[in-house]
Amino acid sequence: MLTLLHLSGRGFLTVRTIQAVDKSFYSAQMAKRVAVVLAGCGVYDGSEIHEASAVLVHLSRGGANVNMFAPNIDQMHVVNHLKGEPSQEKRNVLVESARLARGNIQDLSKLSVKDHDAVIFPGGFGAAKNLCTWAVQGKDCSVNDEVKAALQAFHGEGKPIGLCCISPVLAAKVFPGCEVTVGLEKDDKYPDTTDTAAAINQLGCKHVSKSVSESHVDEKNKLVTTCAFMCNAPIHEIFDGIGAMVRDVLKLA
């Protein structure tokens, strides 16, 4: 009897092991493939580091497979983050973005929409200086050709696009009539939101006021946006709002 129980138990464990392997296999097959597009390293002239990290943490928690990309171009300028003023040096957006990606990053020109289920653009001044010229030209800005091509490719395939902080202006320039949020208008905690929202509306898009903890989903265009550091909020609130954006992106993917 003991021998039979032993053999039975061993068989049971074998079945459970197989089931666990199968579950792991199918989970891997179903994992969302998400591209993250960076704009340098550092809030004043590149991607906002906390936002980029929050995006990556929430994607990891959501079981996504992530590939990072950045355009191989010079930054608009370099800002000394200690002094908060421009310096005379030159830096490359792809090279600087590699700092955030721990070296595992590719030229944006190699981004294939067919190999990904969604794309996310963290914020930071780099999004408005390097990915487009919003920082100096506002609503009359131009969008980097590779950035524009990537946005149009994902949109054309009906795949979701996530944008946070100032990066929703990229969508406003590329997709007339879309809906985005950059925070709450006429609220002192969101000092730059009212003017940015007005410019977005002037482009023929619709700005939707949302708090830092919320994301807005434009169902028609599959755009998911959140304001992040457009709000003067504690970092954990920024983190939670980006989490809401990432979850909505993964739901749509």
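Here, a residue counts as buried when its relative accessible area is under 20%, and as exposed when that figure is over 50%. With that in hand, welcome to a few close-ups of this predicted model.

**View 1. The confidence of the model along the chain.** Averaged over the chain, pLDDT comes to 92, and 89% of the residues score at least 70. Among the elements, strand S6 (residues 118-121) has the highest mean pLDDT, 99, while helix H1 (residues 2-30) has the lowest, 46.

**View 2. The stretches to read with care.** Residues 1-15 stay under a pLDDT of 50, and the model gives them zero contacts beyond four places in sequence. Residues 21-29 are also below 50, with zero contacts beyond near neighbours in sequence. Where pLDDT is low, the predicted coordinates should not be read in detail.

**View 3. Helix H6 from end to end.** The 12 residues of H6 (residues 145-156) should span 16 Å at 1.5 Å a residue, and the end C-alpha atoms are indeed 16 Å apart, so the two values agree. At the start of the helix, the backbone nitrogen of Glu146 has a side-chain oxygen of Asn144 within 2.9 Å. Just after H6, look for Gly158, whose phi is positive, at about 70 degrees.

**View 4. The two sides of H6.** Which residues of H6 are buried? They are Val147, Ala150, Leu151 and Phe154. Down the helix axis these buried residues fall within an arc of 95 degrees, so they line one face of H6. Their packing partners are S6, strand S7 (161-164) and helix H7 (168-174). On the face turned away from the buried side sit the exposed residues Asp145 and Gly156.

Terms used
Residues numbered from 1 in each chain as written. Predicted model: local features only at pLDDT ≥ 70, side-chain atom pairs only at ≥ 80, totals over all residues. Heavy atoms only, no water. pLDDT = per-residue confidence, 0-100. Helix = DSSP H or I, 4+ residues; strand = E, 2+ residues; numbered from the N terminus. Contact = heavy atoms within 4.5 Å. Expected span 1.5 Å × (residues − 1). Buried < 20%, exposed > 50% of the residue type's maximum accessible area, 1.4 Å probe, protein only. Arc of directions from axis to C-beta. Polar contact = N/O pair within 3.5 Å; in protein donor to acceptor, adjacent residues only side chain to side chain.
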